Each structure stands twice: as structure tokens, then as C-alpha cells.
Amino acid sequence: MEEIISCEDMAFSYSHENEEKDKKIPVFEGLNLTVQKGDFVAVLGHNGSGKSTLAKHFNAILLPQGGTCTVVGADTRDEDKLLLIRSHVGMVFQNPDNQIVATVVEEDVAFALENLGVPPDEIRERVDDALELVGMSDLKLRAPHQLSGGQKQRVAIAGIIAMRPQCIVLDEPTAMLDPRGRREVMETITALNKYFGVTVVLITHFMDEAAACKRVVVMSGGDIILDDAPKRVFSNVEKLKSVGLSVPQATELIFELKKAGYDLPLDVITARDCIEKLIGILEEQGVS
Amino acid sequence: MLKDITIGQYLPGASVAHRMDPRVKLVLTIAYVALLFTARNAWALGISAAMLFFLYPLSRVPGRMILKSLKPVVPIILFTAILNMMFHDGLVLFQLWIIKITDKGVIMAVFMVVRIICLIAGTSLLTYTTSPISLTNGMEQLFAPLNKIGVPVHEISMMMTIALRFIPTLIEETDKIMSAQKARGADLESGGLIQRIHALTPILIPLFVSAFTRAIELALAMECRCYNGGKGRTHLHRLRLSMPDLYGAVFAILFAACVICANIVFPGLL
Amino acid sequence: MGIIRTENLSHSYGAAFKQSAIDCVNIDIEKGGFVGVIGHTGSGKSTLVQHFNGLLKPGSGKVFINGEDMWAKPKEIRKYRFQVGLVFQYPEYQLFEETVYKDIAFGPKNMGLSKEEIESRVYAAAKIVGIGEKHMKASPFELSGGQKRRVAIAGVLAMDPEVLILDEPTAGLDPRGRDMILDEIAKYHEEKKNTVLLVSHSMEDVAKYCKKVLVMNKAQAFMYGDVKEVFKKAPELLKMGLSVPQITSICMELKKRGYDISPDTYTVDSAKEQLLRLLGACKSGDTIC
């Protein structure tokens, strides 16, 4: 498999401006992570766990102070490769209002392509494709302030997709949205990954979103403490709770029943799985 | 509510004027303004004014929009009218102490008023039929040559776009902050001028703080989308000249010729 | 007679929309309650609560606070702002003073209280939300996101309102920040016995903290009742686009398949108990199997 992002022994610390000059607050040290082409990875953690700092390394907004960060085969510290990296790894941010530049939806989706000097006819084609993909074609002539939060985030995603990147990194894209907006965004990025093979890195603090990904990386205090398929990650109920993260209620219920002495597998995260397992054990015990 | 304020004066439509290239419209508007000031007599001014009676229906902009756009400049119109009436020599029609009103003064005042009305109505037509975004786009491309003499044309147009984009957002935000401070008992409605200005602090400071945050985040987002200044940029909408532009240009030349002829043929004021 | 009562309350925004934000709402909220207000964006919940402290004037209908018609004397509307404290969404955006202390003191100062009274209220409010004295002299802009939010909430608490309304106080916070703020609010309610209204999207949070729930749907009050009663209508809530906790959908499905589990279960603990009862009953060879 092809590696899109590869962090090796990466270190980063913020320097505190107000106090003594030498005071540095380390975010992470010796961090290793690779993202393969076609992956759908959630990076789950609290504020201050280092997950957003990590995400900002993926398209060279921040540069590693130790170790290396290689994105689409280029070292992020190589300034000549900056445009290459940014056009292949797009970034969507938390606040939908603060990443839309133009006064019309389609113009905003075209923004990156205009910057890259793509010819107008091709821009038109790619913009229309991208809007179709996120389901915003009907609203392409609207002004951004007329859209809901979820729609604005989909416009932002379209603006990235129009660059036809290999990978899209989303830094808490749903934190400011209502449940409907969150659903819209999750459906959009799931489809991008599933049908168009776009690699997705989703930074989030919602465990239910992480549970919907193919792989979950859990960060705490700058360290990666778990990195596996969601089912296996969430089966570490106690470990997750010890760092203040929760697990899906389905997992928790099974966990509690297991504690009470029933033999149940912990790798359950969806309601359907949980119901199946529960019925299994109920029947086994002879409850009709 | 603040939310109800509309931005710009654009009236969406599909008339010939709407379909014209913004660059052509800009040039024609500038030409119209120039002609207005060369019009020296009643004939030339009359033709200029008549033009508007033709153009407004053509653009499907309701005539009352002229009144709407004139409203803010009424004091200026009155002021120039009065000044003109008093400071021209000629046959004295009326005199009170040192104030003399002459026949020539009255004529000049009428000319000036017509000229200002035409100026406002003519330029408003541009903004009524051109969306702010295409106007910005047109200006950027029309004035691009100025880049060579160091005018940051692209940057200015980018700033205009971002301003247009964020005005509604900031208005909404102001609304929200005002409500929030009112909920904490802020009194924004009573008191003298000084008190009222003072009462604005709890609104302006949060507004500035958030505007700066937005600016920083937007800059980052733009950088992530490969923004690198104006160099080598292309546009989704390539401005192309089309038939309406040709009609517009022909019409404008005919009109300019009429005004210039009127200026030459009729040497007097009337 | 409750502390907040509405009578055919309606409100519509702008002539351009001609669409009611709230339409003929009649509710009666009793003193001392902890009420969750749920509904999705556009259901009218934010518009509704802005009527409770007089920020919005009813299009038609009336709002009564402690039995008094709020708009009987429009000039005196400000006094209701102090009786009913409203914390907006993302309240940290309203911070403006040089120090945390001054910012929290803004509300009490507007009430015209004495200096001593203001001071004691500011410290009391800061304590409730867990802002320590060492932060009082700091600029609110230097604090972390979660701390800023808590200072902003303290700014409303310091007015010591009879009713506290919070419009999505946890929006944008991570789970830890969310739990901290909700726990603080629950504690405040417990100690002060004041009426609290919690506007939220999250059925989980409402189920965990509130005693009663007001469900808003399409500009109308769909229902108002105990948490348990509201969860009995889970299928209808799902239909209006609200999400119920995962545990509720699990229990609903088990009930559908014929197991003796109440479908309006909304906590993991309750689900666990019921399941253990079922399983345990079988172990002991009870007849219900």
C-alpha cells in the first residue's frame, strides 16, 4: 500500500511568548504515525491532547521540530514542495464561517483552482463535479451566509475536493454543528472515502464519529495510546475512561454485563451488533 | 433587526444591462459621467437626462429606485442649488440685503441639479445591474494594467471580496453580541451621547476580537488552499465580450455624438 | 401558577420570511424545575427562550413571569433581564473587560448594586463555575476556551437570576469540558433550587440532567412532560429528526422483538439492570422464561 502521510519520530513544542523565552510547552515527542492511501482514520482525543497540532503538520502549516513528516513523498520542510503538498492534502477547519472566502458558493469552491492557475473551462467542470459530490449543486449560486452550518462545511469540503487531492484532513469539522449538520458532514466524507477512494483523516472528539471510521487513533497527552480498528479500540473501555474519553453506549452495556459475569465479546460498537449479542445471550439463557 | 439590511444595491435580473460585461459597464459609466460635465447647455443636458428614461426601463429597474438613491444626497443638491443661484452675475430677479438672485444663477442652479441627479441615477444603474462580485471582478481585470505602476489591483479586489463576504456575518454577529449584552442588563437605548458611546464598548470590543480571530483563521484557510497572491491566478468566470456589450458600445457612441453635437450647435445656455 | 407561563405566544421574523419562528405556544414552567428544551435548529427553541427575558417582544400572545405580564409596562422590561438570566450560545464571544473580575461584574453593575454586593456576587458566581481567585485579575482573553465559557456563564450567574436559561452551553466543547459545565450547572440547581432551562440538541445530556423536557418542533411546543414520558415517544422524536440515545434504540428494538424491557430506557445503568433481571430470573429458573 502507498503511504500518503508518514510521521517519523516527530517532535513539536509551542514556545510561550508571554513568559521566559526559553519556556517551551512540548506537545508531542517521538511520535510515529503512517496513513495509507484509502484509509479513513479518526484521530480521537481531548482538547490539548495534541490532535489538532498533529493535523496541522499534515499539510505543512506547522513543521516538525524533530523527526520528519513526509506527505505524498515530500518532506514538509521542503519549501519548494509546499504547493504540491497542499494541493494533495486539503484541510477543512472547525469554524465553517472562517474558511469561506467568496460571496457566492461556486466561486468559493473555485478559489483553490484559481490559485493554482487551472484554466477556466476546467475550473467550471471541476467545481460542478465537486458541488455534485457534496450534494450542493442546487445551492451553487447562494451567498454563504444563507447556508446552514452543515451546508457551509460541505462547501468547504467541495473547495478541497475540487483540487482533486489524494487526502483530506478535517480538523473537528463538526464541533460547531447541530446533529443534522454533523450527519451531513459525516455522510459526505464517508462517501468520499468509500466511492472515490479519497483518504480521510478526521480529527474529532466525538467518539460516535470515530466509531464510524475504519481506523481510530486515540491521542492523550501528546501520545498515541491506541491505534486500531474502532471495534478493537473501543473494547479498551477502562483505558479510554481513564483518559476521560467515553465509549459507545452499546459497548458500555456489553462491558457492564461482562463485568456481571456474562460471557460477551467486547468488540461491539453499533446498536445492531449489540442487539444481536444480547439476543444471543438471552436465548442461550433461555429467555424467549 | 440588523439582519434585514441588504448589502449593495444589486437587483438581480436578466436584462441586456444585466448581461453586459462589467468592464464595459464600468467604462460606459465613467464615460457618461465625463459627458455630463461637458454638457454645457440645456440640449446636451436634456439628452443626457432623456437617456436615463430610456435606460431604466431597458434594465427593468423600477423608476422609484432613482428616488431611493437620491434620498441621501438631497442636502448636497439643495446646497449646490442655493450656492449657484447666488453667485452668478446677470439680471437680478430678487434681492434681499446682499443676497442677489440672478436669472443666470437660476439657470445654472437647475443645470447643476439635473447634472447631479443624472450622475447619481447613472452610476446607481451600474450597481443595480451588476452584482458586487462581478463588479469587483470587472474592476480587477479592467484596472490590471495599473499593476505595472505599482497599484496592488489584485489585493484591493481581494479585500473587497472578503469585505463583501464578511459584512453579513459581522452584522449577524453584532446582533448576537448586542442581545447577549442586553441580557446582562446593558442599557443601549437611554442616556446622552457620551453615555451611549460608552455603552458601545461591550459591543465593539467583542466584535473586534472576533473579527481578528476570523481574519487569522481565514488567512490560514486561504493559505491551505494554495493562495499565493495574484500571480498566475485564473478565474472561474472568464469575462467575455458579447452582443449586449456591442449594442451598449454602439449606443454609447451615438449618445456621446449627440451630446457633443448639442454642445457645438447650440452655443447659448438654452 | 408557574414561574414562566406563555399564552398563545407567537413570533415571526421579518416581513421577508413571513414564517413563524414560534406559533401559538402555551406552556407553564413550574418554579424550581430543571427543564431541558430540545428540538433541532429552526424548531423555534432559541426564539422561545429569548422571549422569557424580554429580548424579543411577542408578535402576539403574552409571557408571564411570576404571574406578571412582562410587556404590561414596556419601559420596565429591563427588570426581567435580571430575573431571567440568559446565557447565549458561545457566550465567550461576549467577553470584553480587561479582567475576569470586571467582566463577571458587568451584569451586577448594570443592576445598580453596591460595591460590596457586587464583589460578593462575583466571587460566588466564579466559585460555582470553578474559576479560581487567581484568575480574577487575568484578562479573559488569556484563558482557555472552556475557561472563557465558564467566565461568561458566571457573568450571568452573578446577576443571581430566579431563572437561568442556557442556550446550548456545551456547543463546541470536548466531552470533558461538556461534563464539567453540565455538572456545575446541576450543582448550582441543586444548591440554589433555582429554575434552570437547558436548551440542547443532545438527548443524552437532557436525559442525564433534566427532570422535565420541552420538545419544540416546527415552531410549536410538541410536548412538555417528565423525561420518562418524553422518551416514551421516542419513535416520534426520531421522526422529527431528533436522535435518541443509542441505548434507547437498543431497548426499543429488544422490546419489539418481544423481550420484557421498557422501550423508554435512556441510561446504560437502567438497561443493565433490566437485562440482569431478565437473565438472572432465568438462572433462578423463574417462570417468566
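Trainee: What radius of gyration does chain B have, and what would a compact globule of 270 residues have?

Mentor: The general idea is to set the value for the chain beside the one expected for a globule with that number of residues. In this predicted model, chain B has a radius of gyration of 24 Å, whereas a compact globule of 270 residues would be near 18 Å. Along the principal axes, the C-alpha atoms of chain B fill a box of roughly 65 × 55 × 40 Å, and 26% of the 270 residues in the chain are buried.

Trainee: Which elements make up chain B, and in what order do they run?

Mentor: Chain B holds eleven helices and two strands, and, read from the N terminus on, its elements follow the order α-α-α-α-α-β-β-α-α-α-α-α-α. As for contacts in chain B with a separation of 6 or more, 76% of them join residues that are 24 or more positions apart.

Trainee: Where in chain B is confidence lowest, and where is it highest?

Mentor: Here the general point comes before the numbers: where pLDDT is low, the predicted coordinates should not be read in detail. The average pLDDT of chain B is 84, with 96% of the residues scoring at least 70. Among its elements, strand β1 (residues 92–96) of chain B has the lowest confidence, at a mean of 72, while helix α10 (residues 201–224) of chain B has the highest, at 94. Over residues 1–7 of chain B the pLDDT is below 50, although this stretch has 14 contacts in the model beyond near neighbours in sequence.

Trainee: How many residues does each side bring to the contact of chain C with chain B?

Mentor: In general, the size of an interface is often given as the accessible area lost when the parts come together. Counted by residues instead, this contact takes 22 from chain C and 19 from chain B. On the side of chain C that touches chain B, α1 (14–17), α3 (78–83), α4 (100–110) and α6 (145–157) of chain C each supply at least two residues, and the class make-up of that side is 14 nonpolar, six polar and two charged residues.

Trainee: What is the strand order of the open sheet in chain A, and which strands are its edges?

Mentor: The approach is to follow the pairing from one edge to the other. The four strands of this open sheet in chain A are ordered β2-β1-β4-β5, with antiparallel pairing, and its edge strands, β2 (24–36) and β5 (74–75) of chain A, each pair on one side only. Within the sheet, strand β1 (residues 3–15) of chain A pairs with strand β4 (residues 66–71) of chain A over five bridges in the antiparallel sense, and the bridge partner of C7(A) in β4(A) is C69(A).

Definitions and conventions:
Residues are numbered from 1 along each chain as its sequence is written. Chains are lettered from A and ligands numbered from 1 in the order in which they are written. This is a predicted model: local features need pLDDT of at least 70, side-chain atom pairs count only at pLDDT 80 or more; totals for chains, interfaces and linings use all residues. Two strands pair if DSSP finds at least two bridges between them. The radius of gyration is taken over C-alpha atoms; the globule rule is 2.2 Å times the number of residues to the power 0.38. A residue is buried if 20 or more other C-beta atoms lie within 10 Å of its own, exposed if 12 or fewer, and partly exposed in between; C-beta atoms are placed from the backbone. Two residues are in contact if their C-beta atoms, placed from the backbone, lie within 7 Å. Ala, Val, Leu, Ile, Met, Phe, Trp, Tyr, Cys and Pro count as nonpolar, Asp, Glu, Lys and Arg as charged, and the others, Gly among them, as polar. pLDDT is the predictor's confidence in each residue, from 0 to 100.
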